[in-house]
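Q: Could you take me through one part of this structure slowly, the place where the ligand sits? I am in my first year, so please explain the terms as you go.

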Amino acid sequence: MEKARREMTERLKAVDMIIELRDCRIPEASTNPLLNMMAQGKPRLIVLAKTDMADPVQSEKWVRHLKKENQSCLAVDLMRDNGAGKKIIREALLLMKPKRDKQKARGINPRAVRAMACGIPNVGKSTMINRIVGKNTVKAADKPGVTRSLTWIHADPQLDLLDTPGVLWPKFDDEMTGSLLAALGSINDDILDRKMIAMDAIHVIQDLYPGMLEEIYESGEVNPNGMLKAIAAKRNLVRENNEPDTKRAAEMFLNELRKGRLGRLSLEHVHEEDTEDHSE
Ligand code: G4P
């Protein structure tokens, strides 16, 4: 934790703004608390990736909800939207425009914006960097004043991007956050009880999308454990003693959820009282 904090401080000093990747299906659980603690005041662009797998109504609400002063938000499909990289660059520069305009007004020619790209594992950060940089990866390490030990990517004539590989591991404050992160694959679930994770996810989906799982798995079960049994029955997963194999059912369910095969859904919804428009 101390090392992560030190690295974060060093990186924050080197940048003008932050581009934070989050999973569009869990925009709150997939933020990094360390970043929230340490990066107050830096302009931030939140990129909600995997919008193709999220509930479109919720994505729109989240984008509106997360936009505020000094903070912008964009929901993108990094896999299929070829223009995603350009959209992200445009939005980042827009966020920095007031500061750059002030510099211009004082007769200063603003240098390229320096942005730190960060995000917890598996949210799509590498995919985003590839989208932004395309095949023209150029390291911009020799610019005066730029910390040389860090990896800079020349994303655009007006934007240099600092990658933050492997420093921002999630630290979650409550069990449900951990469970949601595990359900969507941001925490290595080898060390976790997959049945518990699957049951938590089933519970959340049943709450937010009543009837959805019942229809997919053709079962009237409302109890998460009962639903796992129904999934095992539907997928013919039985143990040697002829009991439904709920462990394998949990694995199969989580796999289908992660790949978006259950349909477009968001496991965190904006609280209704928070939906007012924060944008100008
Ligand atoms: P990371 O650097 O933040 O750890 O994430 P990375 O870019 O490696 O993306 C993690 C997984 O999410 C990858 O799938 C990637 O293809 C997928 N992904 C990223 N952005 C999007 C998106 O907007 N929509 C969808 N549907 N998927 C996205 P993978 O199965 O782990 O790898 P691969 O089989 O694609 O190589």
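A: Let's begin with a term we will need: a residue counts as buried when its relative accessible area is under 20%, as exposed when that area is over 50%, and as partly exposed in between. Please keep in mind that this is a predicted model.

Now to the ligand. A shell of 15 residues surrounds the ligand, and the closest of them are Asp52, Leu78, Asn122, Ser126 and Thr127. If you sort the shell by class, you find 7 nonpolar residues, 4 polar ones and 4 charged ones. Which helix gives the most to this shell? That is helix H5, which covers residues 125-133 and supplies 3 residues.

Next, let's look at individual contacts. Ser126 has a polar side-chain atom 2.5 Å from an oxygen atom of the ligand. For Thr127, too, a polar side-chain atom lies 2.5 Å from an oxygen atom of the ligand. With Asn122 the backbone takes part: one of its polar backbone atoms is 2.7 Å from a ligand oxygen atom. As for the surface of the ligand, it exposes 710 Å² when taken alone, and the protein buries 63% of that.

Asn122 deserves a second look. You can find Asn122 in the loop that runs between strand E4 (113-118) and H5. Its phi angle is near 75°, a positive value in a residue other than glycine. Is Asn122 buried, partly exposed or exposed? Its relative accessible area is 43%, so Asn122 counts as partly exposed.

It helps to set another residue beside this one. Glu218 also has a positive phi without being glycine, with a value near 50°. You will find Glu218 in the loop between helix H8 (212-216) and helix H9 (224-234). Its relative accessibility is 64%, and because the cut-off for exposed is over 50%, Glu218 counts as exposed.

Finally, here is a pocket to explore on your own screen. The second largest pocket holds about 260 Å³ of space. It is lined by 16 residues, and Arg22, Arg44, Leu66, Lys68 and Gln71 are the closest to its centre. How does this lining divide by class? There are 2 nonpolar, 8 polar and 6 charged residues.

To return to your ligand, a good place to start looking is Asn122, Ser126 and Thr127, which are among the closest residues around it.

Key:
Residues numbered from 1 in each chain as written. Predicted model: local features only at pLDDT ≥ 70, side-chain atom pairs only at ≥ 80, totals over all residues. Heavy atoms only, no water. Near = heavy atom within 4 Å. Polar contact = N/O pair within 3.5 Å; in protein donor to acceptor, adjacent residues only side chain to side chain. Areas by Shrake-Rupley, 256 points an atom, 1.4 Å probe, with all protein chains shown as cover. Helix = DSSP H or I, 4+ residues; strand = E, 2+ residues; numbered from the N terminus. Nonpolar A, V, L, I, M, F, W, Y, C, P; charged D, E, K, R; others polar. 1 Å grid on protein atoms, 1.4 Å probe; cavity = no way out; pocket = protein on both sides within 12 Å on 5 of 7 lines; lining within 4 Å. Points joined across faces, edges and corners; volume = space filled by probe spheres on them. Buried < 20%, exposed > 50% of the residue type's maximum accessible area, 1.4 Å probe, protein only.
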